[in-house]
Amino acid sequence: PCQPVYVHLIDSIAPAAPLNVKGMIDSSGIVTLAWDHGTEPDLIGYRVYMANNPDHEFAQLTKEAIAYNTWNDTITLKSLDKKVYYKVVAVDRSENYSAFSEILSLNRPDIIPPAPPASLPTSSDENGVLVRWTPSSSNDVVAYIVFRRNVDHDTTYTRIARLQDKNATQWLDTTAVYDNIYQYMVKAQDQSGLLSRPSFPVNGRRSFDINSLKISGFIAAYRKEYNAVYLRWNAGNMDMSGRGGSKLYLYKKIKD
């Protein structure tokens, strides 16, 4: 009989692509990835790839195939890219590479506040003070918050409105009281809840509503016991406090 010989069979069958790739990023930028372990008997490990854009070329993070179906990465959080992308391939003993796993997209924890809006001059009429601004240049803004203080009485600002509209550029303050000077500023808020620096403060003053000067129910009655005429009327919403509010002028006609 002839002597036995050993024959090396060529393995050209690649392992299956890794499934169920999952991950998370903590507040310090530590990434934890995990995926299902392959079932091929000749599987030796995995290689992990990363990119900041799914359309860019992915960089290989593992110098050699890793045996475990987990991986830890560290990323910078101070980046204009809001997401980071990963994909994994399986490798067998014959150096056959599987197809890439589906791309895993992870959101970077947001630590960068949005850019502030820019204030525009206010305008006013009898309906209130119109506060205006130009939008923040950040693309993750979800709301604008308006702050106000009374220039003569307040040392701090009070939040008076939150506009949950990324395209908002103005707000009408209908609660402003005539004859008071107010100072306004606006902050942008992003989807992570971070607030921008305030816009430059601008002043506003509500215009006087001439329609508020209205006298009704005017009655004149002679009181014989006092030998006097008593006058009574309804002044509506007029401020009759005497501290810079409305004043009344009383007219009396004698004969002609």
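**Figure 1. Burial and overall form of the protein chain in the predicted model.** Of the 256 residues in the protein chain, 30% are buried. The chain forms 16 strands and zero helices. Its radius of gyration is 37 Å, whereas a compact globule of 256 residues would have a value near 18 Å. Taken along the principal axes, the box filled by the C-alpha atoms is roughly 150 × 30 × 25 Å. The accessible surface of the protein chain is about 17,500 Å², and carbon and sulfur atoms contribute 52% of this area. Among the contacts with a separation of 6 or more, 58% join residues that are 24 or more positions apart.

**Figure 2. The second largest pocket and its lining.** Rolling a probe the size of a water molecule over the atoms shows where empty space is left. In the second largest pocket, this space amounts to about 160 Å³. The residues that line the pocket include Leu77, Ser79, Asp81 and Lys82. Also in the lining are Asn107, Arg108, Pro109, Asp110, Ile111 and Ile112, together with Gln191 and Ser192. Grouped by class, the lining consists of four nonpolar, four polar and four charged residues.

**Figure 3. Ser79, a residue of the pocket lining.** Ser79 is located in the loop that connects β5 (70–74) with β6 (83–92). Is Ser79 buried or exposed? Ser79 is classed as buried because its relative accessible area is 15%, and the class covers values under 20%. Apart from its neighbours within four places in sequence, Ser79 makes contact with Arg108 and Ile112. Both of these partners also line the second largest pocket. Ser79 and Ile112 are 33 residues apart along the chain, and a distance of 8.6 Å separates their C-alpha atoms.

**Figure 4. Lys83 in strand β6 and its contacts.** Lys83 belongs to strand β6. With a relative accessible area of 31%, Lys83 is therefore partly exposed, as this class lies between the limits of 20% and 50%. When neighbours within four places in sequence are set aside, Lys83 is in contact with Asn52, Ser105, Leu106, Asn107 and Arg108. Which distance separates Lys83 and Leu106, C-alpha to C-alpha? These two residues lie 5.5 Å apart in space, although 23 residues apart in sequence. Among the contact partners of Lys83 are Asn107 and Arg108, and both of these residues line the second largest pocket. Arg108 is also in contact with Ser79, the loop residue shown in Figure 3.

Methods:
Residues numbered from 1 in each chain as written. Predicted model: local features only at pLDDT ≥ 70, side-chain atom pairs only at ≥ 80, totals over all residues. Heavy atoms only, no water. 1 Å grid on protein atoms, 1.4 Å probe; cavity = no way out; pocket = protein on both sides within 12 Å on 5 of 7 lines; lining within 4 Å. Points joined across faces, edges and corners; volume = space filled by probe spheres on them. Nonpolar A, V, L, I, M, F, W, Y, C, P; charged D, E, K, R; others polar. Helix = DSSP H or I, 4+ residues; strand = E, 2+ residues; numbered from the N terminus. Buried < 20%, exposed > 50% of the residue type's maximum accessible area, 1.4 Å probe, protein only. Contact = heavy atoms within 4.5 Å. Rg over C-alpha atoms; globule rule 2.2 N^0.38 Å. Areas by Shrake-Rupley, 256 points an atom, 1.4 Å probe, with all protein chains shown as cover.
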